[in-house]
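Trainee: I would like a close look at a single strand. Please show me where its side chains point and what it pairs with.

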Amino acid sequence: MRARAILDFLFPPQCAGCNALGSGLCSACTPSNGPIRVRFPALRVTALAPYEGTLRAAVLALKDGRRDVAEALGAIVAPLVERDSALVPIPTTARRKRERGFDGVAAIALVAARAAGAHAIRALEQRAGDAQRGRSRRQRLAAHGRFCCDATLVAGRRVTLVDDVCTTGATLQDCAAAVRESGGLVEEALVVAVALHEAGSRAPATKSARPWKEAMFG
Ligand SMILES: [Zn+2]
């Protein structure tokens, strides 16, 4: 905690939207008109708001490795997390994690889980890089698309996926499939922002894969 206090002194949290000091995303820049829901086949996605404006700035800052923004976003999504639920963050690649010094989505899941009395479980990994090294744990991993899942962490468990942005939903669908192949249950995903236009226009050609904006709810 002491190292953290020194870090905060040297690099005070600063709003990704308006540069005000104090938080990675200040309350004035936090979308206030309630979360939105997008539905994909077998997966409901809840997002704080559309991927635009200050929320888009926050996600881009997160991708740049801004820890203060990850912590702010984790606190902002926490009220959408059910107590005792299990959050599984969508992992970044090992290379990006090295470049940025941390995994932003995992940080959001950790902060949100801690605040909501839930659990963050890092059960998913990208198959490239570390996942190919053949350690004993890897042999138990069920793979789907670019992702693999540790069955020992999710089997028989209901989990909620967590990501920063949902565009076509393909990544979330791959991760949901990997969790299901590992014996886990997943019907929900929680994301910071959803690119509604991109989700509509860039979705796979099959009609069933096209998401639709369900409702605004407060
Ligand atoms: Zn702000």
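Mentor: Take strand E1, residues 36-40, in this predicted model. Its side chains alternate. Ile36, Val38 and Phe40 point to one face, and these three are buried. Arg37 and Arg39 point to the other face and are not buried. That is the usual pattern, because side chains in a regular strand alternate between the two faces of the sheet.

Now the partner. E1 pairs with strand E2, residues 43-50. The sense is antiparallel, and five bridges join the two. One position to find is phenylalanine 40, which stands opposite leucine 43 in E2. So Phe40 appears twice here: it is on the buried face of E1, and it faces a residue of E2 across the pairing.

Next, the turn. E1 and E2 form a hairpin with two residues between the strands. Alanine 42 takes a positive phi there, near 60°.

Set strand E7, residues 147-150, beside this. Both of its faces are covered. Phe147 and Cys149 lie on one side, Cys148 and Asp150 on the other, and all four are buried. In E1, by contrast, Arg37 and Arg39 are not buried. E7 also has an antiparallel partner: strand E5, residues 124-126, joined to E7 by three bridges. Glutamine 126 stands opposite phenylalanine 147 there.

Last, the setting. The protein chain has eight helices and ten strands. Of its 218 residues, 44% count as buried. Consider contacts between residues at least 6 apart in sequence: 73% of them join residues at least 24 apart.

Note on methods
Residues numbered from 1 in each chain as written. Predicted model: local features only at pLDDT ≥ 70, side-chain atom pairs only at ≥ 80, totals over all residues. Buried ≥ 20, exposed ≤ 12 C-beta atoms within 10 Å, placed from the backbone. Pairing = 2+ DSSP bridges. Contact = placed C-beta atoms within 7 Å.
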